[in-house]
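Open the model in your viewer and keep the selection box at hand. The stops below go from one selection to the next.

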Amino acid sequence: MADLPGTNTNSSGANNAPASGHQLLFKNAGKDADEMRRRRQDNQVELRKNKRDEHLLKKRNVPAAGVESAGSGMTDSDDNDKPPAVGSLGVIVADARSPDQATRLKAVQNARKLLSSDRNPPIDDLINSGILPILVECLSSSDNPNLQFEAAWALTNIASGTSQQTNAVVKAGAIPHFLHLLSSPHQNVCEQAVWALGNIIGDGPHLRDYVISLGVVKPLLRFIGPEIPVTFLRNVTWVIVNLCRNKEPPPPMATILELLPALLFLIQHPDTNILVDTVWALSYLTDGGNEQIQMVIDQGIVPFLVPLLAHADVKVQTAALRAVGNIVTGTDEQTQTVINHSALSFFPALLTHSKEKINKEAVWFLSNITAGNQAQVQAVIDHGLIPLIVHHLDKGDFQTQKEAAWAVSNLTISGNPQQIGCVVQAGVISPLCNMLTVKDTQVVQVVLDGLSNILKAADSAVGIVCEMIEECGGLDKIEQLQEHDNEEIYRLSFGIIEKYFTDDVDAEEASAAPGAAVVTAPAVSGPADSTGEPQQQLAFNPGNSQEAPKFSF
């Protein structure tokens, strides 16, 4: 038997990324797509941990009115009666030890009612009363399934509490009994055991791995099939979500391999609740690195996952967007698998979704596509997504703007000059420059990187880009950033000024000298910038070298 782990009060794990990783975030020259995506993924981890809502409860209390299928005629029907007072605990414990079966059942049922009747059930009071060993003993009463069910229900609700309370159930020896109850001939007893195990597994990776080591997976997977009632299958799916949670450490690879066929079955289920939990399970697995991403791909799940980006239920959409977004943090080949299943065709709708959170996640997804190879960058362009990214850079809320800044900056690294020119044509310069005044130093560095890369790619049209930066107030902002406390921001802003703007005065004087040629940009109308004023069209025209200057993007 595996050793019982100690109480774990912090199951989220610490971020032990090397400090030097932050310094590398914006030194993009020579970085390959995999490294860029990994840096984007690492940057996203903190956002996920600190900002996202908890989409699925790790633990679930069973309310008195919430077990319609669990009763099955086996428990009495007085759950609507007023629950016993906490002060009667001594009597409850004494009666639970009674040799009389009816007295014992009534006592255990009263304990369960205490735990099911309040938003703040008296879990500690029951633990301190000494009733835990009695409840665990009741789980062995195979000749009295009513008693097994009530005891399992009570223990489930105790395990739904804090980590310390969950561990009290474990230390009382409940897990082997719950595993044995998975083979009970009474479905409601099986279901209650599944629920209890889900709460224990949901406490964190230590108890998750302990329950796995005791052999939970195979008997659990027997409850997945078309003949299983939907209410029961929902609970089983939720336990699978908890088995997939946490990546420090991740679930054992052997366990993931056991779970993936079940997830392939469940992702095709018509029930929305099952679908939501299934896709979140996949999102947890795909957040565990390239090896786990590949396991999901090899199982053949991607063709069923991508269409869920257009699901009618926003909860399914959100989970699917996170899962496919995690996949494209992988290698170019793994990213291409998602693209090959027409994922980008869903993004015009996602980028114009009424929920800002969907917009943000969609732009984050695209930032990892633009970190890929030039064919993948071109796919983003061909699907008409660049103007939508620029719109969110200009008009989105700050979190979405941050993701858009990443998407643009990554494209200026991965893309060729023509592709970078498409972004400039879409009006990116003004909203990009507007982001230079935000307080988030990381965002400012990303924007400066993007502007620097655009200027480098402009070649003979660099004067046009410089003029655009100056006209939207970007030059003033860059000059002010030379006084910034952050050394990297100072270095980047100083480099841009020194390389592209220090000769402005000399150039103006030279152009005014007798005999000097005056070079002007083509006067053509283009898309409006954020102020609504038509912006100069920047066209790549390699076939006519006599017309100068041409934007050589």
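In which hand does H5 pass H8? The crossing of H5 over H8 is left-handed. The model is a predicted one, and every stop should be read as such.

**Stop 1: helices H5 and H8**

Select residues 101-116 for helix H5 and residues 145-159 for helix H8. Two packed helices are described by the angle between their axes and the distance between the axes. Here the axes are 9 Å apart and the packing angle is about 25°. That makes H5 roughly parallel to H8. Now show side chains. From H5, the contact uses Gln101, Arg104, Leu105, Val108, Gln109, Arg112, Leu115 and Ser116. Facing them from H8 are Asn146, Leu147, Glu150, Ala151, Trp153, Ala154, Asn157 and Ile158. Colored by type, the residues of this contact come out as eight nonpolar, five polar and three charged.

**Stop 2: the whole chain**

Zoom out and switch to a cartoon view. The protein chain has 32 helices and zero strands. Of its 553 residues, 54% are buried. Among contacts with a separation of 6 or more, 73% join residues 24 or more positions apart.

**Stop 3: helix H12**

Select residues 205-213, which form helix H12. Its buried residues are Pro205, Leu207, Arg208, Tyr210, Val211 and Ile212. To see what lies over them, add the neighboring helices. The cover includes H9 (163-171), H10 (174-181) and H11 (187-201) from before H12 in the numbering, and H13 (217-221), H14 (230-244) and H15 (253-266) from after H12. Then pick Gly215, which follows H12 and has a positive phi, near 95°.

**Stop 4: salt bridges**

Side chains of opposite charge can pair when their charged atoms come close. The structure holds nine salt bridges, and three of them are worth a selection here.

Begin with Glu361 and Arg322, whose side chains form a salt bridge with an N to O distance of 2.7 Å. Glu361 lies in helix H22 (residues 356-369) and Arg322 in helix H19 (residues 314-327), so this pair ties together parts that are 39 residues apart in sequence. How buried or exposed is each partner? Glu361 is buried, at 3% relative accessible area, and Arg322 is buried too, at 3%.

Next select Asp313 and Lys315. Their salt bridge has its closest N and O atoms 3.4 Å apart. Asp313 has a relative accessibility of 19% and counts as buried, because the cut-off for buried is under 20%. Lys315 is partly exposed, at 44%.

The third pair is Glu488 and Arg491, with the closest N and O atoms 2.6 Å apart. Both belong to helix H31 (residues 487-501), and their spacing of three residues separates them by about one helical turn. An α-helix has 3.6 residues a turn, so residues three or four places apart point the same way. Glu488 is buried, at 15% relative accessible area, whereas Arg491 is partly exposed, at 42%.

**Stop 5: helices H28 and H31**

Stay on H31 and add helix H28, residues 441-458. The two axes come within 9 Å and cross at roughly 25°. That makes H28 roughly parallel to H31. The crossing of H28 and H31 is left-handed. On the H28 side, the contact is made by Thr441, Val444, Gln445, Leu448, Asp449, Leu451, Ser452, Leu455 and Lys456. On the H31 side, select Glu488, Ile489, Leu492, Ser493, Ile496 and Tyr500. Glu488 therefore appears in this contact as well as in the salt bridge with Arg491. By type, the contact residues divide into eight nonpolar, four polar and three charged.

**Stop 6: Leu344**

Where does Leu344 lie? Select the loop between helix H20 (332-340) and helix H21 (347-351), and Leu344 is in it. Although in a loop, Leu344 is buried, with a relative accessible area of 1%. Leaving aside residues up to four places away in sequence, Leu344 touches Ile339, Phe365, Leu366, Ala379, Val380, His383 and Leu385. One of these contacts can be checked with the distance tool: Leu344 and Leu366 are 22 residues apart in sequence, with 8.8 Å between their C-alpha atoms.

Terms used. Residues numbered from 1 in each chain as written. Predicted model: local features only at pLDDT ≥ 70, side-chain atom pairs only at ≥ 80, totals over all residues. Heavy atoms only, no water. Salt bridge = Lys/Arg side-chain N within 4 Å of Asp/Glu carboxyl O. Buried < 20%, exposed > 50% of the residue type's maximum accessible area, 1.4 Å probe, protein only. Helix = DSSP H or I, 4+ residues; strand = E, 2+ residues; numbered from the N terminus. Axes fitted to C-alpha atoms, helices over the stretch in contact; angles between N-to-C directions. Parallel < 35°, antiparallel > 145°, perpendicular 65-115°, else oblique. Left-handed = near helix turned anticlockwise from the far one by under 90°. Contact = heavy atoms within 4.5 Å. Nonpolar A, V, L, I, M, F, W, Y, C, P; charged D, E, K, R; others polar.
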